[in-house]
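Hi,

Here is the structure I promised to pass on. Have a look at it, and then read my notes underneath.

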Amino acid sequence: MYKGFTLTARTFQVRGSGEWPLDVTIGRSGSLRAFSGAATFMTERDATNACLQMGCRIIDASPPDCRVSDLTLA
């Protein structure tokens with residue numbers, strides 16, 4: 001949870017690469033939005049940490065073009 005939003009790292013290892021992508025969902029009150037980035041990571045733990053950090057930045061409106069303010073309030 002972060003500022004009333006649920007952050008979920010969608011971690012999976014890219015087949016054949018051994019890398020983990022940057023992929024997170026941000027949800028609130030049944031509404032959900034997915035975000036991903038170009039970065040990849042060598043471990044699931046690093047990918048999960050980066051996903052959660054990215055989710056917090058999106059909620060804080062940085063970058064400003066990735067807003068979640070329209071997700072339904074509880």
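**Salt bridges first**

There are two salt bridges in the structure, a salt bridge being a side-chain nitrogen of Lys or Arg within 4 Å of a carboxyl oxygen of Asp or Glu. Before the details, some housekeeping: this is a predicted model, so local features need pLDDT of at least 70 and side-chain atom pairs count only at pLDDT 80 or more, while totals for chains, interfaces and linings use all residues. Residues are numbered from 1 along each chain as its sequence is written, and side-chain values use heavy atoms, with hydrogens and water left out.

One bridge pairs Asp 60 with Lys 3, with 2.6 Å between the closest N and O atoms. These two come from distant parts of the chain, 57 residues apart: Asp 60 sits in the segment after α1, and Lys 3 in the segment before β1 (6–9). (Helices, H or I with at least four residues, and strands, E with at least two, are DSSP runs numbered from the N terminus.) Lys 3 is exposed, at 57% relative accessibility, whereas Asp 60 is partly exposed at 38%. For those labels, buried means under 20% relative accessible area, exposed over 50%, and partly exposed in between (1.4 Å probe, protein chains only).

The other bridge joins the side chains of Asp 23 and Arg 10, at 2.8 Å from N to O. Here Asp 23 belongs to strand β2 and Arg 10 to the loop between β1 and β2, 13 residues apart. Asp 23 counts as buried, with 10% relative accessibility, while Arg 10 is partly exposed at 36%.

**A buried threonine**

Arg 10 turns up again beside Thr 25, a residue of strand β2. Leaving out residues up to four places away in sequence, Thr 25 touches Thr 6, Leu 7, Thr 8, Arg 10, Leu 32, Arg 33 and Ala 34 (contact means heavy atoms within 4.5 Å). Thr 25 is buried because its relative accessibility is 7%.

**The nonpolar core**

What about the core? The largest one has 14 residues, and Leu 22, Ile 26, Phe 35 and Met 54 have the most contacts inside it. By nonpolar core I mean a set of buried Ala, Val, Leu, Ile, Met, Phe, Trp, Tyr and Cys residues joined through side-chain atoms within 4.5 Å. Two or more residues come from each of β2 (20–28), β3 (31–41) and α1 (44–59), and α1 gives the most, with six. Setting aside neighbours within four places in sequence, Met 54 contacts Leu 22, Val 24, Phe 35 and Ser 36.

Cheers
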